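Trainee: I would like to learn how to read a protein model, one feature at a time. Could you show me the structure and take me through it?

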Amino acid sequence: MKVLSIQSAVAYGHVGNSAAVFPLQRIGVEVMPVYTVNFSNHTGYGAWRGPLIAPDDVREVITGIEERGAFPQIDVILSGYQGSEGIADVILDAVARIKAANPAAIYACDPVMGNAKSGCFVAPAIPVLLRERVVPAADLITPNQFELGYLTGTEPDTLESTLASVDLARAMGPRTVLVTSVERPDREEGTLEMLAVDDQGAWIVTTPQLPMKANGSGDVTAALFTAHYRRTGDAADALARTASSVFDLLTATLESGERELQLVESQEAYAHPRLQFAVRQVR
């Protein structure tokens, strides 16, 4: 499998491509990382150095990949945080050109906008752009529960309302939806859930909720689920593998006492997930 991953990059720590590339490689995926920024560290520190990469420069890198004859071999286009409207245009153009070269390719979009605790943290134009142009072009999206509500103009909380919101999102274009950070009022205390829905059904997995916030964990989740799903077409299996790998990555990070993901140290969790959490079909 070959993935073109258009995301940010940092030298210190792990977010964007600096979070997604190694886990994908560790499960045997060939990754072509294209950077949208090249920062010293993620912006959660409040200070960082390095350049935003101009959309035209990002487009040039992708064109160079096309000139090597790679487009027909690309199975997945993956995108995450979109810092500017111009980057969306570049991504959508790349998706169209790659699908023309390989109609079996899929576009997986992580529509990063914010979360339930901090609200929306992107520029005001980005959610509108994602909702109106980017998500309709995607085959697979991986919003958290907050972002799912933002995309669909709903407030999902129960399993029923979250499934209803997913149906609205699927009606926009993408056939497969992974919802992360699902927090239902009636869930068992101290747990967190993920929900995967495609044409075959809907499945949910429950894991303990760890007392931490780890930048980049959503990027790892989107990358692993996309790769597993593209490889097998089995949403339940992809959900089980992703939940297992990411939980063990977060556990290792928590136990280390470090702020940054223990990405390399947790590599066996990607290559050989323990599958310790049962996946339940809910539709």
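Trainee: Are Phe-247 and Phe-277 buried or exposed?

Mentor: Keep in mind that this is a predicted model. A residue is called buried when its relative accessible area is under 20%. Phe-247 and Phe-277 are both buried.

Trainee: How are the rings of Phe-247 and Phe-277 arranged as an aromatic pair?

Mentor: For a ring pair, look at the distance between centres and the angle between planes; planes over 60 degrees apart count as edge-to-face. Phe-247 and Phe-277 are 5.1 Å apart centre to centre, with 85° between the planes, so the pair is edge-to-face. Phe-247 belongs to helix 8, while Phe-277 sits in the loop between helix 9 (267–271) and strand 11 (279–281), so the pair ties together parts that are 30 residues apart in sequence.

Trainee: How many aromatic pairs are there?

Mentor: The count comes to six aromatic pairs. One of them joins Phe-225 and Tyr-229, and it is stacked: 5.8 Å centre to centre and 10° between the planes. Both residues lie in helix 7 (residues 217–232), four residues apart, about one turn of the helix. Phe-225 is buried, and Tyr-229 is buried too.

Trainee: How does the reach of helix 7 fit with what is expected?

Mentor: To check a helix, take the span from its first C-alpha to its last and set it beside the expected span. Helix 7 has 16 residues and reaches 23 Å, close to the 22 Å expected at 1.5 Å a residue. It is also mostly covered, with twelve of its 16 residues buried. Among those buried residues are Ser-217, Asp-219, Thr-226 and His-228. Just after helix 7 comes Gly-233, with a positive phi of about 70°.

Trainee: And helix 8, how many of its residues are buried?

Mentor: In helix 8, 16 of the 22 residues are buried, so we call this helix mostly covered. Helix 8 spans residues 235–256 and reaches 31 Å from its first C-alpha to its last, close to the 32 Å expected at 1.5 Å a residue. Look at the ends of a helix as well. At the N-terminal end of helix 8, Asp-234 acts as a cap, with a side-chain oxygen 3.1 Å from the backbone nitrogen of Ala-236. After helix 8 comes Gly-257, whose phi is positive, near 75°.

Trainee: Which residues other than glycine have a positive phi?

Mentor: Here are two cases to look at. Ser-181 has a positive phi of about 50° although it is not a glycine. Ser-181 is placed in strand 8, and it counts as partly exposed at 33% relative accessibility. Leu-275 has a phi near 55°, again a positive value in a residue other than glycine. Leu-275 lies in the loop between helix 9 and strand 11, and at 40% relative accessibility it counts as partly exposed.

Trainee: Which residues have the most contacts inside the largest nonpolar core?

Mentor: Start with the general idea: in soluble globular proteins, nonpolar side chains tend to be buried together. Here the largest nonpolar core has 44 residues, and Leu-4, Ile-6 and Leu-195 have the most contacts inside it. Helix 3 (residues 85–101) gives the most to this core, with eight residues. Apart from this core lies another, of 39 residues, including Leu-24, Val-246, Phe-247 and Ala-269. To see the surroundings of one core residue, leave out those up to four places away in sequence: Leu-4 then touches residues including Met-32, Val-34, Ile-65 and Ile-98.

Trainee: What does Thr-176 touch beyond four places away in sequence?

Mentor: Thr-176 touches Asp-139, Leu-140, Ile-141, Val-197, Asp-198, Phe-225 and Tyr-229. Thr-176 lies in strand 8 (residues 176–182), and its relative accessible area is 5%, so Thr-176 is buried.

Trainee: Where is Ile-106 found?

Mentor: Ile-106 is in strand 4 (residues 106–109). It counts as buried because its relative accessibility is 16%. Ile-106 and Asp-75 are 31 residues apart along the chain, yet their C-alpha atoms are separated by 6.4 Å.

Trainee: What sits over the ring of Tyr-45?

Mentor: The charged end of Arg-259 does, 3.9 Å from the centre of that ring.

How values were computed. Residues numbered from 1 in each chain as written. Predicted model: local features only at pLDDT ≥ 70, side-chain atom pairs only at ≥ 80, totals over all residues. Heavy atoms only, no water. Helix = DSSP H or I, 4+ residues; strand = E, 2+ residues; numbered from the N terminus. Buried < 20%, exposed > 50% of the residue type's maximum accessible area, 1.4 Å probe, protein only. Contact = heavy atoms within 4.5 Å. Core = buried A, V, L, I, M, F, W, Y, C linked by side-chain atoms within 4.5 Å. Expected span 1.5 Å × (residues − 1). Polar contact = N/O pair within 3.5 Å; in protein donor to acceptor, adjacent residues only side chain to side chain. Phe/Tyr/Trp six-rings, centres within 6.5 Å; stacked < 30°, edge-to-face > 60°. Lys NZ or Arg CZ within 6 Å of the ring centre and 35° of its normal.
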